[in-house]
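Student: Could you walk me through this one? I'm new to it and would like to start with the empty spaces.

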Amino acid sequence: MGKFQVIDHPLIQHKLTMIRDKNCGTKVFREVVNEIAMLMAYEVSRDMPLEEVEIDTPIVKSTQKTLSGKKVAIVPILRAGLGMVDGMLELIPAAKVGHIGLYRDHDSLEPVEYFVKLPADIDERQLFVVDPMLATGGSAIMAIDALKRRGGTNIKFVCLVAAPEGVKALQEAHPDIDIFCAGLDDHLNEAGYIVPGLGDAGDRLFGTK
């Protein structure tokens, strides 16, 4: 079973409270989502492989550690996932970015795939699938299905707020996937929204209704 981790660093918790507030405007919401994503990237990249390299310090020759070139791709689930990309790229600037477009059918609440564009070598990359919300789990499951069909094997799912129902569904569908969130919330309501949650992340990021 992949690991499930709530990254509850005080800075992350503080910033998450800021964006939960319904009075947080679009500009601040967008900035803070990126800040949380950057802070989370520090933790989700913790097991990236290192190799040794010889360098000259100002004092002496020395063998030190460097990232071993394990290639990374950040894959946002459109459209809300876009809000987390720049923050992660701040820490991992060499990462490539793929996109998976899903929308939720308002009658069935099931996700529908409409767009997939990925780096050609995703089978060689550490993939970080990002979406602010893990609610029913349907979108995350479908996005990871899409990656696995195309050869992706090393996949982590990163979100801001998760509902227990979504975590359970994602773990059952993809038991090999590590799941990271900044907050594990109480439950889903009848409309499929996370409670207490932070509303519709896409609308709040992009100022739409």
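Here are a few questions and answers on a helix, a loop residue and a pocket.

Tutor: First, this is a predicted model, where local features need pLDDT of at least 70, side-chain atom pairs count only at pLDDT 80 or more, and totals for chains, interfaces and linings use all residues. Residues are numbered from 1 along each chain as its sequence is written, and side-chain values use heavy atoms, with hydrogens and water left out.

Student: How far apart are the end C-alpha atoms of helix H2?

Tutor: Helices here are DSSP runs of H or I, at least four residues, and strands are E runs of at least two, numbered from the N terminus. Helix H2 covers residues 26–44, so at 1.5 Å a residue its 19 residues should span 27 Å; the expected span is 1.5 Å times one less than the number of residues. The computed distance agrees: 26 Å.

Student: Is Ala94 buried or exposed?

Tutor: Ala94 sits in the loop between helix H3 (85–91) and strand S5 (96–97). Buried means under 20% relative accessible area, exposed over 50%, and partly exposed in between (1.4 Å probe, protein chains only). Ala94 has 71%, so it counts as exposed.

Student: How far is Ala94 from Lys71 in space?

Tutor: In sequence, Ala94 and Lys71 are 23 residues apart. Going C-alpha to C-alpha, their separation in space is 8.1 Å.

Student: Which buried residues does H2 have?

Tutor: Use the under 20% cut-off for buried. On H2, the residues that meet it are Phe29, Val32, Val33, Asn34, Ile36, Ala37, Met40, Ala41, Glu43 and Val44.
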